[in-house]
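Ready for a few exercises on a protein with its ligands? Take a look at the structure, try each task yourself, and then compare notes with the worked solution.

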Amino acid sequence: MPCTCVIGLQWGDEAKGKIVDLLTDRHEIVVRYQGGPNAGHTVVLGGQTFKLSLVPSGIFRPRVQCVVANGVVLHPGTMLREIDSLRERGVHVGENLLISDRAHVIFPWHIEEDRLLNSIIGGEALGTTMRGIGPCYRDKAGRSLAIRLGDLYREGLKERIALIANAKKKMLSGVDGQIDFDADAIHREYSEYAEKLRPQVTDTTRFLLNAVEKGRAILFEGAQGALLDIDHGTFPYVTSSNSSGLGVTTGSGVPSKYITHVIGVIKAYTTRVGGGPFPTEQDNEIGQLIRDRGNEYGTVTRRPRRCGWFDAVAVRYSARLSGADSLAVMLLDVLSALPELQICVAYELDGERIGDFPSHVEDLRRVRPIYERLPGWQKEIGHIRRLSDLPANARAYLDRISELLDRPISIVSVGPDREHTIIVEEKPI
Ligand code: GDP
Ligand code: IMO
Ligand code: MG
């Protein structure tokens, strides 16, 4: 039975949501296992657009069990609003959604802390999504000020919230004058959330271990992208979880020996939201053209995404790191507007040609991309459903990416809808 991971190999927004929805019909369980409401995954079904931040993108298929596992940080209010808006649009959300009692809870002080610390980093701001992600993971690692979802149902919650609110008030007031939290109001609010979520909350580690041991087909839905990984990404311009393929096991409790296939999801070009180096960025009319055609504005924050050429050095690194077996190349249709395309095949650093992705962010800032030029195809391709029907130059572009990354392409996407997809049948998924 397949146990598949869908992992973004760039800086997020690679269209993982579309791939998860597409592959859900081959799986029984879909799992979100890291990140939180910083994610914005889009699924387009029959012209209707759904944007998900915490609910797994498998929710649209009946009989599929969705799981939000232990590695996710979640804001219960955001989760409930998302569930309500799905229900209002006719999507069933009930026993088909389970949430881990080990998941850590985002509180108002995390959001406040995100706002305060983002502005005092010095130099280029991190540009976080301001959803309290980093501070919540910080408290998880620090332990003493953390609250997990399961704690919301235990005795002593009121006192614990009061203690933490007081500690946070003192700590954060040291950064920015006067900060206060109404512990009683927060306790009431979070107790209400907890009651509403009660039917969903369970030990998902046990559920998933039973499932893999019975050989049930599981799909893991990565959030963010491998280059935003806290350990292996462009630190400190990263998110606070292991968003490469390496995060699947700790984030879900499923040992790596059960994973049968990793699909690396890539855009046919590159985007990045927030701060940090981006060697192939095109802060010019080419970048603007990509932004306009690809509607490259953040799903969560609506910030314009930074756009640039495909970077094979960065993605070769993240594909290796994530153990990608095959590739899904997304938004190929966006490039139809360009007469000529460029792919970064190596970097130049201090006069030397390098093929490896630098480990230090300051070296990455200094690299000069070395490009290969390829002719564009300048034809609309959204209607195409077979690889052989793509213009020859589009096929040559895909072949070159596959060659540079040393991996087969199993899916090509030519539009946002489930239907706008080329499945490369001879390549295994
Ligand atoms: P995710 O976070 O990785 O799930 O990606 P996002 O949802 O943040 O961003 C991907 C965007 O691209 C969404 O607006 C999708 O609807 C859209 N999209 C997905 N695939 C394609 C495609 O092949 N072509 C075009 N033009 N848009 C696509
Ligand atoms: P999906 O799952 C793109 C970026 C933020 C910021 C950095 C840290 O939709 O691909 P954080 O709020 O996580 O502390 O912000 O990470 N970021 C994303 N960029 N897609 C995402 O998620 C992202 N989640 C976080 O813009 O640069
Ligand atoms: Mg997104």
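The exercises below treat the ligand sites, an aromatic pair and two backbone features of this predicted model.

**Exercise 1. Describe the surroundings of ligand 2.**

Solution.
- Step 1: Start with the neighbours. Ligand 2 is surrounded by 20 residues, and the closest of them are Asp13, Lys16, His41, Thr129 and Thr239.
- Step 2: Sort this shell by class. The result is 7 nonpolar, 10 polar and 3 charged residues.
- Step 3: Look for polar contacts, taking N or O atoms within 3.5 Å as the cut-off. Thr129 places a polar side-chain atom 2.5 Å from an oxygen atom of ligand 2. With Val273, a polar backbone atom is 3.0 Å from an oxygen atom of the ligand. With Gly127, a polar backbone atom is again the partner of a ligand oxygen, and the distance is 3.5 Å.
- Step 4: Ask how much of the ligand is covered. On its own, ligand 2 has 550 Å² of accessible area, and the protein covers 97% of that.
- Step 5: Place the ligand among the pockets. Ligand 2 takes up the space of the largest pocket.

**Exercise 2. Do the same for ligand 1.**

Solution.
- Step 1: Ligand 1 has 19 residues around it, with Lys16, Gly40, Thr42, Asp333 and Ser413 coming nearest.
- Step 2: Find the elements that contribute. Both α1 and β3 (41-45) supply at least two residues each to this shell.
- Step 3: Sort by class. The shell of ligand 1 splits into 6 nonpolar, 7 polar and 6 charged residues.
- Step 4: List polar contacts. A polar side-chain atom of Asp333 is 2.8 Å from a nitrogen atom of ligand 1. Two backbones also take part: a backbone N or O atom of Leu331 is 3.1 Å from a ligand oxygen, and a polar backbone atom of Val414 is 3.5 Å from an oxygen atom of ligand 1.
- Step 5: Finish with cover and location. Of the 580 Å² of accessible area that ligand 1 has on its own, the protein covers 92%. The site of ligand 1 is the second largest pocket.

**Exercise 3. Classify the ring pair of Trp11 and Phe278, and locate both residues in the chain.**

Solution.
- Step 1: Set the scene. The whole structure holds 10 aromatic pairs.
- Step 2: Read the geometry. The rings of Trp11 and Phe278 are 5.5 Å apart from centre to centre, with 50 degrees between their planes, and the pair is tilted. Planes under 30 degrees apart would count as stacked and over 60 as edge-to-face.
- Step 3: Trace the chain. Trp11 is in the loop between β1 (3-8) and α1 (16-23), while Phe278 is in the loop between β12 (270-272) and α9 (285-294). The pair thus links distant parts of the chain, 267 residues apart.

**Exercise 4. Where does the backbone show a cis peptide bond, and which residue has a positive phi although it is not a glycine?**

Solution.
- Step 1: Check omega. The bond joining Phe235 and Pro236 is cis, with omega of about 5 degrees. Pro236 belongs to the loop between β10 (218-221) and α8 (248-252).
- Step 2: Check phi. Arg63 has a positive phi of about 75 degrees. Arg63 is in the loop between β4 (48-52) and β5 (65-68).

Technical notes: Residues are numbered from 1 along each chain as its sequence is written. Chains are lettered from A and ligands numbered from 1 in the order in which they are written. This is a predicted model: local features need pLDDT of at least 70, side-chain atom pairs count only at pLDDT 80 or more; totals for chains, interfaces and linings use all residues. Side-chain values use heavy atoms; hydrogens and water are left out. A residue is near a molecule or strand if one of its heavy atoms lies within 4 Å of it. A polar contact is a pair of N or O atoms within 3.5 Å; within protein, one must be able to donate a hydrogen and the other to accept it, and residues adjacent in sequence count only if both atoms are side-chain atoms. Accessible areas come from the Shrake-Rupley method with a 1.4 Å probe; for residues, only the protein chains shown count as cover. On a 1 Å grid over the protein atoms alone, a cavity is a set of points where a 1.4 Å probe fits but cannot get out, and a pocket is an open set with protein on both sides within 12 Å along at least five of seven lines; lining residues have an atom within 4 Å of a point. A molecule sits in a cavity or pocket if more than half of its atoms lie within 2 Å of its grid points. Ala, Val, Leu, Ile, Met, Phe, Trp, Tyr, Cys and Pro count as nonpolar, Asp, Glu, Lys and Arg as charged, and the others, Gly among them, as polar. Rings of Phe, Tyr and Trp (its six-membered ring) pair if their centres lie within 6.5 Å; planes under 30 degrees apart count as stacked, over 60 as edge-to-face and the rest as tilted. Helices (H or I, at least four residues) and strands (E, at least two) are DSSP runs, numbered from the N terminus.
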